Amino acid sequence: QVQLVESGGGLVQPGGSLRLSCAASGSIFTINTMGWYRQAPGKQRELVADITSAGSTTYADSVKGRFTISRDNTKNTVYLQMNSLKPEDTAVYYCDADGLTMTMVRFGSWGQGTQVTVSS
């Protein structure tokens, strides 16, 4: 079983910055892709950014140039640096990861979510 725990959300003014972290723990052999999704009230969950084990990244058009995803494979942790935040970035942000457990079973896990609110 693999657990993901997010941290770093909060309230920030427009134009401000936040850094989200997500640590994976449990019976992990390898993690392939780690990513961040978000869900605003009344909207579907959408991909914000993801990163492969080799460091290849994907970003939603709405966050390109403002957000940066990175990961520390030694800590099984993924980060999301969010700059120039806008009110439309307000959402619950979820971390996800997929890979193999120590028993060579594929896993896909989600974190519990962390609230990001951008407001003056």
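User: Take buried as under 20% relative accessible area, exposed as over 50%, and partly exposed as in between. In this predicted model, how does Glu46 count: buried, exposed or partly exposed?
Analyst: The model is predicted, so the class rests on computed coordinates. The relative accessibility of Glu46 is 36%. That value falls between the two cut-offs, 20% and 50%. Glu46 therefore counts as partly exposed.

User: Which residue forms a salt bridge with Glu46?
Analyst: Side chains of opposite charge can pair when their charged atoms come close. For Glu46, the closest N and O atoms of the pair are 2.7 Å apart. The partner has 6% relative accessibility, so it counts as buried. That partner is Arg38.

User: How far apart in sequence are the parts that the Asp89 and Arg38 pair ties together?
Analyst: The two side chains, Asp89 and Arg38, meet in a salt bridge at 2.9 Å, N to O. Asp89 sits in the loop between β8 (77-82) and β9 (91-101), while Arg38 belongs to strand β4 (residues 28-39). Both residues are buried. The separation of the parts so tied is 51 residues.

User: Where does Arg66 lie?
Analyst: Arg66 also meets Asp89 in a salt bridge, 2.8 Å from N to O. That pair ties together parts 23 residues apart in sequence, because Asp89 is in the loop between β8 and β9 and Arg66 is in another loop. Relative accessibility is 1% for Asp89 and 11% for Arg66, so both count as buried. Arg66 lies in the loop between β6 (57-59) and β7.

User: Which residues are linked in a network of salt bridges?
Analyst: Glu46 pairs with Arg38. Arg38 also pairs with Asp89, and Asp89 pairs with Arg66. The whole structure holds four salt bridges. The linked residues are Arg38, Glu46, Arg66 and Asp89.

User: Arg71 has no salt bridge; what is its nearest side chain of opposite charge?
Analyst: Arg71 is found in strand β7 and is buried. A salt bridge needs the nitrogen and carboxyl oxygen within 4 Å. The nearest candidate is 7.9 Å away, so it misses that cut-off. The side chain in question is Asp98.

User: With which side chain does the side chain of Arg71 make a polar contact?
Analyst: A polar atom of the Arg71 side chain lies 3.2 Å from the backbone oxygen of Ile31. Beyond its neighbours within four places in sequence, Arg71 touches residues including Ile31, Met34, Ile51, Ser53 and Tyr79. The side-chain partner is 2.6 Å away, and it is Asn73.

User: Which strands stand at the edges of the sheet?
Analyst: The sheet is open, has four strands in the order β1-β3-β8-β7 and pairs antiparallel. An edge strand has a single partner, so one of its sides is left without a neighbour in the sheet. Neighbouring strands are turned by 15° against each other on average, direction ignored. The edge strands are β1 (2-7) and β7 (67-72).

User: Which residue in β3 is the bridge partner of Leu4?
Analyst: β1 and strand β3 (residues 18-26) pair in the antiparallel sense over six bridges. Val5 stands opposite Ala23. The bridge partner of Leu4 is Ala24.

User: Which side chains along β1 point to one face and are buried?
Analyst: In a regular strand the side chains alternate between the two faces of the sheet. Along β1, Gln3, Val5 and Ser7 point to one face and are not buried. The buried set points to the other face: Val2, Leu4 and Glu6.

Conventions: Residues numbered from 1 in each chain as written. Predicted model: local features only at pLDDT ≥ 70, side-chain atom pairs only at ≥ 80, totals over all residues. Heavy atoms only, no water. Pairing = 2+ DSSP bridges. Helix = DSSP H or I, 4+ residues; strand = E, 2+ residues; numbered from the N terminus. Axes fitted to C-alpha atoms, helices over the stretch in contact; angles between N-to-C directions. Buried < 20%, exposed > 50% of the residue type's maximum accessible area, 1.4 Å probe, protein only. Lys, Arg positive; Asp, Glu negative; His and termini not counted. Polar contact = N/O pair within 3.5 Å; in protein donor to acceptor, adjacent residues only side chain to side chain. Contact = heavy atoms within 4.5 Å.
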